[in-house]
Amino acid sequence: TPPVHPFDLLDIDGLLSEEEREIRRTVRTLGERELRPHVAEWFESGRIPARELARLLGGIGVLGMHLTGYGCAGTEAVPYGLACLELEAVDSGLRSLVSVQGSLAMYAIWKYGSEEQKRRWLPGMAAGETIGCFGLTEPDAGSDPGSMRTHAKREGTDWILNGTKMWITNGSVADVAVVWARTEEGVRGFLVPAGTPGFSAPEITRKLSLRASVTSELVLDGVRLPADAQLPGARGLSGPLGCLNEARFGIVFGALGAARDCLEAALSYAADRTVFARSLASYQLTQQKLADMAVELNKGMLLALHLGRLKDAGRLTPEQVSVGKLNNVREAIAIARQCRTLLGANGITLEYPVLRHANNLESVLTYEGTSEVHALVIGKALTGEQAFR
Ligand code: TGC
Ligand code: FAD
């Protein structure tokens, strides 16, 4: 019998195609060679070379990789998920960059944009030459985006936008912002190029989580846009929420990357560390922790893969994505915290990845729908009663 692999107790690898394993290998290699050596420094300084990273990731085709045409790779959902997993194994901030670029900003244009908008923006975004961001959340409207205040008013054929968006990934480095605003006809999406008068994107600093990621405010102060800046295919809140399904799907896989990296560090640490004259790995309490974590990681992988196959079959529902996001992020953060206990004091440093991942996962638990929001989505599916309001 082959040796038991802690990250693949259930032989989930056997359920992947050769192409899926190849894409995973490519992203893992890039992550280990080009990203991991720098990530602790990016996290500590709170600065990342975003443009360089975007080009690097565009170069291997992961930006908007599950979209078709316009320079996008056109892969299925599972390879996209595996790419998210491998990037998040390095740092959630890197997966965030890819989620926001591909699943939020590019997807919004790909799904709701005019032919002209798609031709103008998507090829550069797929290549990583052009960076996008996605502005839905506001200082006073996060879980309840329907209460947004940012509004767009018509002036002749132009639109005038006013309002503030908050916590926007890639905001300060973006060349184009997808901004959601209320209009007299309901919520609509707009493409705001950086440099448009009245538009600014100050960076949010002093974060204790997702430090290897740019997070910003978007300020819209009388921003004048031509009629063709509006996304013609998006009508109402289902526009932005439709994009969130895509990004949430990536997180279902991604969060497991952070968990795997923590478990890898903890296993190796437990094998090397001597406590009370024996290896830490030899104690029953340690093995209970390791076994529980490996079981959750493997169950999470099965869930992610199942949702990926449903997505490729065109049968994935938003409620199923909520099951995946709620479970896999909740388990990933529990694993990261448990791994930290195994590393003792060493676990609190940047010499090891565990507390960095745990801190990042605090953001992952909150963004793309908090765990409470996803529980309520599932609760509504179970009972038919909505408990949001
Ligand atoms: P509700 O009345 O239920 O729905 C309004 C309209 O939207 C439709 N809808 C959806 N459509 C597509 N996908 C979904 N998942 C959808 N959920 C709802 C719905 O059918 C309806 O359409 P229509 O045509 O009838 O108008 O909406 P509600 O106001 O009661 O809110 C429901 C709730 C709470 C689930 C929703 O608002 C929500 O998901 N809140 C969480 C907000 C959120 O996730 N924000 C994320 C911002 S982006 C981000 O965090 C990026 S971080 C990325 C990174 O760095 O990786
Ligand atoms: P709130 O909605 O104020 O929630 C506060 C608490 O109340 C939470 O625990 C929540 O679960 C709970 N709660 C809310 N409603 C209910 C209810 N009905 N019943 C019970 N409890 C409830 N947004 C973007 O648009 N684009 C981005 O690129 C983006 N990037 C982000 C990057 C980072 C690092 C972070 C941290 C956030 C980002 N966000 C982004 C914002 C994110 O989507 C929001 O933070 C999230 O949706 C929650 O909103 P909030 O922070 O306003 O919390």
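This tour moves through a predicted model, from the annotated spans to the two ligand shells, and then to a bent helix and a few individual residues.

**The three annotated spans**

Begin by selecting residues 17-129, which an unreviewed UniProt entry annotates as "domain: Acyl-CoA dehydrogenase/oxidase N-terminal". This span is 76% helix and 0% strand, and its end C-alpha atoms lie 31 Å apart. Select next residues 133-223, to which the unreviewed UniProt entry gives the annotation "domain: Acyl-CoA oxidase/dehydrogenase middle"; here the span is 0% helix and 52% strand, with its end C-alpha atoms 17 Å apart. The last of these selections is residues 235-382, covered in the unreviewed UniProt entry by the annotation "domain: Acyl-CoA dehydrogenase/oxidase C-terminal". Over residues 235-382 the chain is 77% helix and 3% strand, and the end C-alpha atoms are 27 Å apart.

**Around ligand 1**

Centre the view on ligand 1 and display the 25 residues that surround it, of which S96, T169, P318, Y367 and G369 are the closest. Two or more residues of this shell come from each of α4 (92-112), α6 (238-272) and α10. If one element is to be coloured separately, α6 is a suitable choice, since the largest share of the shell around ligand 1, six residues, comes from that helix. Colouring the shell around ligand 1 by residue class gives 13 nonpolar residues, 11 polar residues and one charged residue.

**Around ligand 2**

Move now to ligand 2, which has 19 residues around it, with T137, G142, S143, T370 and E372 coming nearest. At least two residues of this shell are supplied by each of β1 (132-135), β3 (158-169), α9 (354-366) and α10 (371-383). Which element gives the most to the shell around ligand 2? Strand β3 does, with three residues. By class, the shell around ligand 2 divides into nine nonpolar residues, nine polar residues and one charged residue.

**Helix α5 and its bend**

Select residues 115-127, which form helix α5; its 13 residues reach 19 Å from the first C-alpha to the last, close to the 18 Å expected at 1.5 Å a residue. Viewed from the side, α5 bends by about 30 degrees at W121, and a proline, P123, follows within four residues. Show the side chains of Q117, W121, L122, M125 and A126, which are the buried residues of α5. An α-helix has 3.6 residues a turn, so residues three or four places apart point the same way. The cover over the buried residues of α5 includes α2 (50-59), α4, β1, β4 (176-183) and β5 (186-193). Just beyond the helix, select G128, which follows α5 and has a positive phi, near 80 degrees.

**Two positive phi values outside glycine**

Most residues other than glycine have a negative phi, and most peptide bonds are trans. Select N170, which is not a glycine and yet has a positive phi of about 70 degrees; it is found in the loop between β3 and β4. N170 counts as buried because 26 other C-beta atoms lie within 10 Å, where the threshold for a buried residue is 20 or more. Go on to F276, another residue other than glycine with a positive phi, in this case near 45 degrees. F276 sits in the loop between β8 (274-275) and β9 (278-279). Is F276 buried or exposed? With 6 other C-beta atoms within 10 Å, F276 is exposed, the limit for that class being 12 or fewer.

**The loop between β1 and β2**

For the final stop, select E138, which is placed in the loop between β1 and β2 (151-155). E138 is buried, with 22 other C-beta atoms within 10 Å. Leaving aside residues up to four places away in sequence, E138 touches M148, R149, T150, G163, T164, K165 and M166. A distance drawn from E138 to I168 spans 9.1 Å from C-alpha to C-alpha, although these residues are 30 apart in sequence. D144 also lies in the loop between β1 and β2, but D144 is exposed, with 12 other C-beta atoms within 10 Å. Finally, draw the line from D144 to K111: these residues are 33 apart in sequence, and their C-alpha atoms are 23 Å apart in space.

Technical notes:
Residues numbered from 1 in each chain as written. Chains lettered and ligands numbered in written order. UniProt positions renumbered as here; feature names shortened; annotations may be inferred. Near = placed C-beta within 6 Å. Nonpolar A, V, L, I, M, F, W, Y, C, P; charged D, E, K, R; others polar. Expected span 1.5 Å × (residues − 1). Bend = angle between axes of the 7 residues up to and from the residue. Contact = placed C-beta atoms within 7 Å.
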